[in-house]
Amino acid sequence: MNKRILFVDDEPMVLQGLQRSLRTMRMEWETRFATSGPEALEMMAEAPFDVVITDMRMPGMDGAQLLDLVKAKFPRTVRIILSGQSDRETILRSVGPSHQYLSKPCDVDELKPRLTRAFALRDMLGDPQLKEVVGRLKSVPSLPALYVAVTDALRNPDTPIAKIGDIIAQDMGMCAKVLQLVNSAFFGLSCQVSSPQQAASLIGIENLKALVLGLEVFSDFGGPLTQELGFLWNHSMATASFANAIAKVQQSPRPMVDDSFAAGLMHDVGQLVLASAYGAQYQKVLRRAEEPGTMLAACEAEEFGCTHNAVGAYLLGLWGLADSVVEAVAWHHQPSHAQPRAFSALIAVHAADFFENQLHPHPGFDGNSMDELLLTEIGLQPQLAAWGKACRDVASRSEIHA
């Protein structure tokens, strides 16, 4: 079935231009066009759309107001804002209702791969309710202590931006959100950013204060699962540090090192999404995974029809993070599915996750194995000893599991 995309703009000439430029995709996409927010909502009520792409500035109901209503009424729909404005007011009004922000005029060559990726990741989630849960997410919950630390730091006028960046770099939820923001067209960057410290610096301390203290784009992870999933932040930070070390052993360029760290930090972010959305139901999954010989991924697939890997990858892809990071989150347990041909962030996170689980076993994860056949095929198997040593050196120097 063709994917259905709704474009909304009060300028008919803009819509006509989009219609012409998207003709090559008519065998895959069914495109519809509306000249106002109310008209778009009427069309969505008649038949569901996979994506809505709206201009920000329109008379009457603007793009942010429209997407707020779409989020409430049609949470499975991917929501994208187009705008030629990048002022703080536009950023603050758009960050809640939209998944991605693109600059206007719309670059069709940029739009096509973004939508193609979003559709491919969406198909990994079999449960319609799960698509709604991820579609509604404004933030990924953070470790309470780190949430308090970052809000306290932002309230202190003497806190340097570097310290705030370092706090964000310890938390998968905060990291995901700042990377979503900094890689949007608001900031007009020529390349993807995967370093949370760099992202915090580019966003700026005043924008962060408005976003975190005003709009509350970060949230803390509370409730009965806090204790059971507390290990996850230690595991994620260790995996990120290990992936960073492995990428450096390979003498990778800086962007790949940053991708490896970010993907390692967020590789299990899907667990937080499932835990915050399903609470007691996910708690049962975690307890079932503690039984000897039982893998967490298998329990998740049985309960939800997909794994936390797919949930995390869909969310990060929806938020516009780098392809290499999304790929690593999706396939870090089964890297051969991505058919890599050389070292990448995916390989770094796969190996880092394996070494971290060897050093600090946890129920439900101890069956994860290194794909040595794949590493042999791409000529990286001889590097395993050096990677393992680098990870052990990091562990011995750090207090990650203290």
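1. A pocket, as the word is used here, is an open set of grid points with protein on both sides within 12 Å along at least five of seven lines. Keep in mind as you look around that this is a predicted model.

2. With that in hand, start at the largest pocket, whose volume is about 300 Å³. Its lining is made up of 16 residues. To find its centre on screen, look for Pro 48, Phe 49, Asp 50, Arg 76 and Arg 122, the lining residues that lie nearest to it.

3. Which element gives the most to the lining of the largest pocket? That is helix H6, with three residues. H6 covers residues 128–136, and strand E1, at 3–8, also supplies at least two residues of this lining.

4. As for chemical character, the lining of the largest pocket divides into eight charged, six nonpolar and two polar residues.

5. Now turn to a pair of helices. H7 runs over residues 144–155 and H8 over residues 161–168; the two pack at an angle of about 165°, and their axes are 10 Å apart. Because angles over 145 degrees count as roughly antiparallel, H7 is roughly antiparallel to H8. The crossing of these two helices is left-handed.

6. Which residues make the contact between H7 and H8? From H7 come Leu 146, Ala 149, Val 150, Ala 153 and Leu 154, while H8 brings Ile 164, Ile 167 and Ile 168. Sorted by character, the residues of this contact are eight nonpolar, with no polar and no charged ones. It is worth viewing beside the pocket lining, where eight residues are charged.

Key
Residues numbered from 1 in each chain as written. Predicted model: local features only at pLDDT ≥ 70, side-chain atom pairs only at ≥ 80, totals over all residues. Heavy atoms only, no water. Axes fitted to C-alpha atoms, helices over the stretch in contact; angles between N-to-C directions. Helix = DSSP H or I, 4+ residues; strand = E, 2+ residues; numbered from the N terminus. Parallel < 35°, antiparallel > 145°, perpendicular 65-115°, else oblique. Left-handed = near helix turned anticlockwise from the far one by under 90°. Contact = heavy atoms within 4.5 Å. Nonpolar A, V, L, I, M, F, W, Y, C, P; charged D, E, K, R; others polar. 1 Å grid on protein atoms, 1.4 Å probe; cavity = no way out; pocket = protein on both sides within 12 Å on 5 of 7 lines; lining within 4 Å. Points joined across faces, edges and corners; volume = space filled by probe spheres on them.
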